[in-house]
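Good morning, and thank you for coming. I should like to speak about charged side chains and pockets in one protein model.

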Amino acid sequence: MRESDGERQIQAATAALRSGQRVRARHLLEEVLRSKPDSDRAWYWLAQAVETVEERRFCLSRALSLNRRNALARRELEALGPGPAWSPLGEAVLGGRKGAFWSLSLGYLALLTAAEALTALVEPRAGLVLHSILLTGALLLSARFWDGPEHRFWMTVGLAPLIRLLSLALPLRAIPLMYWYLVISVPLFVAVFVVRRVVHLSREQVGLHSRGLPGQLLLPLLGPPLGMLEYRILRPPPLISGWNAGEFLPAALILLVSTGLVEELIFRGVMQKAALEALGRWGMVYVAAVFAVLHIGHRSLTDVLFVFGVALLFGEFVRRTRSIVGVSLTHGLINVWLFLVAPFL
């Protein structure tokens with residue numbers, strides 16, 4: 001788009017705003033920003049067309065970061081005050097950086113795969129080193145793109161190597177295997193809480209709400225059959241010594257919370273939200289791939305493919321319902337069936 005064309009569209013958008021046609025104005029301004037993401041005027045006027053305070057705060061922040069002398073953007077941003085902000089455009093704001101961003105994100109996924117393979121198949125300490133490098137790199141990239149949509153993406157994908165680092169580094173040998181999940185989940189809950197605050201994602205945005213609860217409770221019906229299917233792939237030993245309530249109930253609760261809830265909060269909550277913003281519709285596939293890669297430790301390609309398919313199902317369910325309640329319960333039930341029920345059948 002030529003600069004004169006962009007200016008004409010901005011003028012048409014401002015005229016549409018004055019006549020109350022906010023939807024048309026937003027469409028025109030989004031077209032401008034897809035080809036010219038460094039237009040502070042387009043960002044400023046988009047702030048007048050968006051629907052939520054969080055989107056408006058993001059647009060005004062972008063306008064001000066591009067032009068510090070934009071007094072109108074500064075005044076309105078100060079009036080809004082601090083708070084969460086997210087892009088109304090997603091990957092469109094990447095502009096000319098889109099190709100480089102895709103290269104970085106795919107390279108990160110490849111290195112994460114290599115780190116998991118090293119950990120499971122070659123030398124855990126080498127995997128530990130590579131995971132540490134990946135975590136550090138994700139945090140540095142998040143800081144580098146602090147004012148852009150990439151910030152959220154890199155901050156959230158940094159949780160993936162953190163999961164493996166905690167499982168490798170925490171002193172768990174003296175603890176029964178069942179309680180490993182509980183111990184590892186505590187710092188993970190803290191980490192995801194901190195990340196959620198840093199990237200300004202509300203509880204509702206990451207799917208922690210009870211809206212549409214009846215529909216959410218239908219998905220867990222898939223938990224037992226999916227758990228049985230994964231058991232036929234892996235045949236893992238049980239995590240309890242026998243079928244009795246004294247062992248089964250605490251173990252089931254641990255699996256529901258420390259695997260189902262915490263992992264869905266990480267992957268389908270904060271990570272998928274950020275990936276959809278940065279990568280568009282491919283964000284869900286990217287997060288499913290990250291989730292599947294972290295199962296290389298089971299040493300079964302069939303299981304990695306199975307987990308990838310389940311992750312896509314979960315991701316689409318969350319994208320449509322905007323809640324992680326159903327997938328968290330289903331994920332927990334799959335593991336309950338896999339480790340506590342199926343081995344005794």
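I shall take the salt bridges first and then turn to the pockets. Please bear in mind throughout that this is a predicted model.

Let me begin with the general principle. Side chains of opposite charge can pair when their charged atoms come close. In this model, the count of salt bridges comes to eleven. I have chosen three of these pairs to describe, and I shall add one network.

The first pair is Arg41 with Glu7, where the closest N and O atoms are 2.5 Å apart. This salt bridge links distant parts of the chain, with Arg41 in helix 3, residues 40-49, and Glu7 in helix 1, residues 3-18. The two partners are 34 residues apart. How accessible are they? Arg41 has a relative accessibility of 35% and therefore counts as partly exposed. Glu7, at 28%, is also classed as partly exposed.

The second pair is Arg164 with Glu116, whose side chains meet in a salt bridge with an N to O distance of 2.7 Å. Here, too, distant parts of the chain are linked: Arg164 belongs to helix 9, residues 159-169, and Glu116 to helix 6, residues 98-122, with their positions 48 residues apart. Are these partners buried or exposed? Arg164 is at 15% relative accessibility; since buried means under 20%, Arg164 counts as buried. Glu116 is buried as well, with a relative accessible area of 1%.

The third pair, Glu316 and Arg319, forms a salt bridge with an N to O distance of 2.8 Å. Both residues lie in helix 15, residues 301-321, and because they are three residues apart, they are separated by about one helical turn. Glu316 is partly exposed at 23% relative accessibility, and Arg319 is partly exposed at 41%. As for the network, Arg26, Glu30 and Glu55 are joined into one by salt bridges that share partners.

I now turn to the pockets. What is the volume of the largest pocket? The value is about 1300 Å³. This pocket is lined by 42 residues, and those nearest its centre are Arg164, Ser167, Tyr181, Leu294 and His298. Arg164 is therefore a name we have met already, as the salt-bridge partner of Glu116 and a buried residue. Two or more lining residues come from each of helix 6, helix 9, helix 10, helix 13, helix 15 and helix 16. Which helix gives the largest share of the lining? That is helix 10, with six residues. By class, the lining of the largest pocket has 26 nonpolar, ten polar and six charged residues.

The second largest pocket has a volume of about 540 Å³. There are 19 residues in its lining, and Lys273, Leu276, Val318, Arg319 and Arg322 are the closest to its centre. Arg319 returns here, having appeared earlier as the salt-bridge partner of Glu316. Helix 13, helix 14 and helix 15 each supply at least two residues of this lining, and helix 13 gives the most, with six. By class, the lining of the second largest pocket has five nonpolar, five polar and nine charged residues.

To close, I would recall two residues that connect the two topics. Arg164 pairs with Glu116 and is among the residues nearest the centre of the largest pocket. Arg319 pairs with Glu316 and is among those closest to the centre of the second largest pocket. Thank you for your attention.

Note on methods
Residues numbered from 1 in each chain as written. Predicted model: local features only at pLDDT ≥ 70, side-chain atom pairs only at ≥ 80, totals over all residues. Heavy atoms only, no water. Salt bridge = Lys/Arg side-chain N within 4 Å of Asp/Glu carboxyl O. Helix = DSSP H or I, 4+ residues; strand = E, 2+ residues; numbered from the N terminus. Buried < 20%, exposed > 50% of the residue type's maximum accessible area, 1.4 Å probe, protein only. 1 Å grid on protein atoms, 1.4 Å probe; cavity = no way out; pocket = protein on both sides within 12 Å on 5 of 7 lines; lining within 4 Å. Points joined across faces, edges and corners; volume = space filled by probe spheres on them. Nonpolar A, V, L, I, M, F, W, Y, C, P; charged D, E, K, R; others polar.
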